[in-house]
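Biologist: Please take a close look at the main nonpolar core of this model and at the strand that runs into it. I would like one connected account, with the cut-offs stated.

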Amino acid sequence: MMPRVSVVIPTYNQEAYISQALDSVLAQTYQDFEMIIVNDASTDQTLEKILDKKDSRIRLFSLEQNQGESAATNYGIEQSQGEFIAILHSDDVFVSHKLEKQVRFLD
């Protein structure tokens with residue numbers, strides 16, 4: 001079954017913040033989502049921090065060459081299967097009820 005929401009997270013060299021960003025999605029009160037993470041050829045420990053997260057809703061894509069945030073975001077959107085798309089920058093976090101409130105509003 002397709003997820004209702006696709007959370008797209010483009011990232012490049014965000015080892016200091018990526019874990020908090022991913023945890024904020026995993027802690028959502030609304031759980032019908034997939035997380036599309038696009039690693040834009042990070043050269044730090046970003047990829048390792050992502051791989052530490054074990055959740056079947058995570059879909060990781062790694063670009064071989066850095067293409068920039070817009071290209072990584074667009075790639076993530078192309079991979080999305082959800083009815084709705086939410087974008088999260090990898091140095092930011094969602095409040096715990098963000099997806100729940102937005103889906104309720106959109107319904």
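Modeller: The largest nonpolar core, meaning buried Ala, Val, Leu, Ile, Met, Phe, Trp, Tyr and Cys residues joined through side-chain atoms within 4.5 Å, has 19 residues, and those with the most contacts inside it are Val 5, Val 7, Ile 9, Val 25, Met 35 and Leu 99. Buried here means under 20% relative accessible area, with exposed over 50% and partly exposed in between (1.4 Å probe, protein chains only). Two or more residues each come from strand S1 (5–11), helix H1 (18–26), strand S2 (33–39), strand S4 (84–87) and helix H4 (98–106), these being DSSP runs numbered from the N terminus (helices H or I, at least four residues; strands E, at least two). H1 gives the most to this core, with four residues.

This is a predicted model, in which local features need pLDDT of at least 70 and side-chain atom pairs count only at pLDDT 80 or more, while totals for chains, interfaces and linings use all residues. Residues are numbered from 1 along each chain as its sequence is written, and side-chain values use heavy atoms, with hydrogens and water left out.

In S1, seven of seven residues are buried: Val 5, Val 7, Ile 9 and Thr 11 point one way, and Ser 6, Val 8 and Pro 10 the other. S1 pairs with S2 in the parallel sense over seven bridges (pairing requires at least two DSSP bridges), and Pro 10 stands opposite Val 38 in S2. S1 also runs parallel to S4, joined by four bridges, where Val 7 has Ala 86 as its bridge partner.
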